[in-house]
Amino acid sequence: MEFKRERSIGLREGGFSYRAIGALMQRNSSTLMRVWKQWTNQNRTTRKTGSGRRNVTSACDNRHLLRMARNDQGSWQHFGLLLQVY
């Protein structure tokens, strides 16, 4: 189940507690508090762009790995070696 921030905002506006919403949506109440605070302060429910872990491989590397996997089953041995190196 994908976490629906808008749904948690609606439930909070409906009078549900953080704990009740957390139990209903299977999320931690502190996560819901952070989403609610973000909504009340900035009127937004989406994450900031650029937040999260940086990519290790480039888009070109990703295409190359996908092409290898599709075309040659033996290439998985090469891919395993790449994982061991990094």
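Colleague: Which residue lies over the face of Tyr18, at 4.0 Å from the ring centre?
Modeller: This is a predicted model. A charge counts as over a ring if CZ of Arg is within 6 Å of the ring centre and within 35 degrees of the ring normal. At 4.0 Å from the centre of the Tyr18 ring, the residue over its face is Arg12.

Colleague: Over the face of which other ring does Arg12 lie, at 5.8 Å from the ring centre?
Modeller: The cut-off for the distance is 6 Å. Arg12 is placed 5.8 Å from a ring centre, over the face of Trp36.

Colleague: How many aromatic pairs does a search of the whole structure find?
Modeller: Ring centres must lie within 6.5 Å to pair. Searching the whole structure gives a count of zero.

Colleague: What is the pattern of the chain, read along the sequence?
Modeller: The secondary structure comes to five helices. Strands number zero. Along the sequence, that reads α-α-α-α-α.

Colleague: What share of the residues in the chain is buried?
Modeller: Buried means under 20% relative accessible area. The chain has 86 residues, and the buried share is 19%.

Colleague: What share of the exposed area do carbon and sulfur atoms supply?
Modeller: The chain exposes about 7,200 Å². Of that area, carbon and sulfur atoms supply 52%.

Colleague: Among contacts between residues at least 6 apart in sequence, what share joins residues at least 24 apart?
Modeller: Contact means heavy atoms within 4.5 Å. Take the contacts in the chain between residues at least 6 apart in sequence; those joining residues at least 24 apart make up 42%.

Colleague: Why do the buried residues of H1 line one face of the helix?
Modeller: Helix H1 covers residues 5–13, and its buried residues are Arg5, Ser8, Ile9 and Leu11. Look down the axis of H1: the buried residues line one face because they fall within an arc of 165°.

Colleague: Which helices are included in what covers the buried residues of H1?
Modeller: On the other side of H1, Glu6 and Glu13 are exposed. The buried residues have cover, which includes H2 (18–25) and H3 (29–42).

Colleague: Is Glu6 buried or exposed?
Modeller: Glu6 belongs to helix H1. Its C-alpha is 9.3 Å from that of Val35, and the two are 29 residues apart in sequence. The exposed class begins over 50%. With a relative accessible area of 52%, Glu6 is exposed.

Colleague: Which residue follows H1, with a positive phi near 105°?
Modeller: Go past the end of H1. The residue there, with its positive phi, is Gly15.

Colleague: Which helix gives the most to the largest nonpolar core?
Modeller: That core has five residues: Leu11, Tyr18, Ile21, Met25 and Leu32. One helix gives three residues, the most of any: H2.

Colleague: With which residues is Leu11 in contact, leaving aside neighbours within four places in sequence?
Modeller: Leu11 is one of the buried residues of H1. It is also part of the largest nonpolar core. Beyond its sequence neighbours, Leu11 is in contact with Phe16, Ile21, Leu24 and Met25.

Colleague: Which residues does Gly22 touch, not counting those up to four places away in sequence?
Modeller: Gly22 sits in helix H2. It is buried, at a relative accessible area of 6%. Its C-alpha is 8.6 Å from that of Ser8, 14 residues apart along the chain. Past the excluded neighbours, Gly22 touches Arg27 and Leu32.

Colleague: Which residue has a positive phi of about 60° although it is not a glycine?
Modeller: Look in the loop between H2 and H3. The residue is exposed, with a relative accessible area of 67%. The one with this positive phi is Gln26.

Conventions
Residues numbered from 1 in each chain as written. Predicted model: local features only at pLDDT ≥ 70, side-chain atom pairs only at ≥ 80, totals over all residues. Heavy atoms only, no water. Phe/Tyr/Trp six-rings, centres within 6.5 Å; stacked < 30°, edge-to-face > 60°. Buried < 20%, exposed > 50% of the residue type's maximum accessible area, 1.4 Å probe, protein only. Helix = DSSP H or I, 4+ residues; strand = E, 2+ residues; numbered from the N terminus. Arc of directions from axis to C-beta. Core = buried A, V, L, I, M, F, W, Y, C linked by side-chain atoms within 4.5 Å. Areas by Shrake-Rupley, 256 points an atom, 1.4 Å probe, with all protein chains shown as cover.
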